[in-house]
Amino acid sequence: MPILTSDYSRPPRFLFNGHLETILPSLLRKIDGVNYTREKIDTPDGDFLNLDWSKVGGESLLIISHGLEGDSKRHYAMGLVKLFNAAGIDVLVWNNRTCGGEMNLKPILYHHGASYDLDTVVNHVLKSHDYSSIFLAGISMGGAQTLKYLGEKGKDLPKEIRKAAVYSTPCNLPSSAATLKLKSNIFYKKRFLNKLKEKIRQKAIQFPELFDLDLLETVEDFDAFDTHFTAKIHGFADAADFYQSVSADNWMGHIAIPTLIVNALNDPLLGEACYPVDLAKAKPEILLEMPKRGGHTGFTLKNEEFNWVERRLLQFLKTSD
C-alpha cells in the first residue's frame, strides 16, 4: 500500500493558504548560479526541440519536463538543476515546443499529452550519451507528460531509466481543467490564458490561414480556447475530447518503474481525481505522497534556497532500490 506519509507540514507563516503558497514562489523565487548549454535537436515530424544542459561530469542524468507556459528558466526547474548538480548528477531540461524563447516550425504548440516529444528527448540522450542511469522528473504539466510516457512504454521502457518523480501533477486532466472554472482560481486562468493566446497570435503570423484571431479575442475561458484552438490544431474534437484523450491516468496503470507522485492536498489546481489513491494502493510501482500543505509547485521552506519537494525528489531518486 504505497501511500506515503509526508514530513512537509507547514510553510512559513506568511504563506497561510494554498493560493499564497502557489503564487508568491512563482512570482518572487530566484535561483542563481545555473548556466545552461543549449542543444537543438530535430523531431521526427520535421520540427525541433531546444534542450538545456547543465553538466557536472556525472554518471547519471536527470531529465526534467516543465509546466504549462514554463521553460528551463522557471524557478522550479532551476532549483532541481542546482540541487542535483550539487549531488554530482547531470541535468537536462527540455523545452516544449514554442517554449524556451523560440517559436517552433509546425502549426502545433504543446500540451499535457505531448509525451512523444519526451520520447524524442530520451531517444536522443540514449543515442548520444552513455549514462549509467537516467531519472525523469516532471512538474505540473511536465509531470503529466512524464507519467503518460512511462505508462505508454510500460515494460518496454529503456533499461537506463531507473526511477521517476513528479509533483503538483494533474494525473486526471479533466479534473484539473475543471478547477480553472472556479472563481477562486481566476488569477491562474487569466495568467495562463493570456500567455497561450499570445502564442496563438505568434502562430498566426506563421500560419495565417489556420487561426481565427477575431475568434481568439472573444475567448474568455479554457473550454473555448481548447475547443477552438488546442483541440483543432492537435486533432481532437473539442476541449472535453482533448482533456479525456490525453489524461495521464489512461496509462498510469502500466508504469513499470518506481514512480513518486507528490501532490499537496491544498493544491488549487488539482481536482479530486488528481490524487490516484486506489491506483497507489493496488500498484507497488506508484508511490503517492499527499502533504496537507504545499500549494501548486510551492513547498517553501523558511530561509532555505531549495524547497521541500526538490529535496524530496533528490532523496527518492538517489536512493537505491
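Visitor: How many bridges join S8 to S9, and do these strands run parallel or antiparallel?

Guide: A useful habit is to take a pair of strands together and to ask about direction and bridges. In this predicted model, S8 and S9 run parallel and are joined by four bridges, and one place to look is Ile 261, which stands opposite Leu 288 in S9.

Visitor: What lies between S8 and S9 in the unit that they make?

Guide: Here one follows the chain from strand to strand. S8, helix H10 (residues 277-282) and S9 make a β-α-β unit, and that unit is right-handed.

Visitor: Where do S8 and S9 stand in the sheet as a whole?

Guide: The order of strands in a sheet is read across it. This open sheet has nine strands in the order S1-S9-S8-S7-S6-S4-S5-S3-S2, and the pairing is mixed. The edge strands are S1 and S2 (37-42), each of which pairs on one side only. At the S1 edge, strand S1 (residues 3-4) pairs with S9 in the parallel sense over two bridges, and Leu 4 has Glu 289 in S9 as its bridge partner.

Visitor: And at the other edge, how are S2 and S3 joined?

Guide: S2 and S3 run antiparallel and are joined by six bridges, with Phe 48 in S3 as the bridge partner of Asp 42. The two strands form a hairpin with five residues between them, and in its turn Gly 46 has a positive phi of about 85°. On from there, S3 pairs with S5 in the antiparallel sense over five bridges, with Asp 52 opposite Val 93 in S5.

Visitor: Why is S3 described as largely enclosed?

Guide: One counts the buried residues of the strand. Seven of the seven residues of S3 are buried, so S3 is largely enclosed by the rest of the structure. Phe 48, Asn 50, Asp 52 and Ser 54 point one way, while Leu 49, Leu 51 and Trp 53 point the other way.

Visitor: To finish with a single residue, is Thr 259 buried or exposed?

Guide: For one residue, accessibility and surroundings are read together. Thr 259, which lies in strand S8 (residues 259-262), counts as buried because its relative accessibility is 0%, the cut-off for buried being under 20%. Its side chain reaches the backbone oxygen of Ile 257 at 3.0 Å. Leaving aside neighbours within four places in sequence, the residues in contact with Thr 259 include Leu 147, Ala 164, Ile 286 and Phe 316. Of these, Ile 286 belongs to S9, where Ile 286 and Leu 288 point one way, Leu 287 and Glu 289 the other, and all are buried.

Key
Residues numbered from 1 in each chain as written. Predicted model: local features only at pLDDT ≥ 70, side-chain atom pairs only at ≥ 80, totals over all residues. Heavy atoms only, no water. Buried < 20%, exposed > 50% of the residue type's maximum accessible area, 1.4 Å probe, protein only. Polar contact = N/O pair within 3.5 Å; in protein donor to acceptor, adjacent residues only side chain to side chain. Contact = heavy atoms within 4.5 Å. Pairing = 2+ DSSP bridges. Right-handed = clockwise from strand over helix to strand, strands pointing away.
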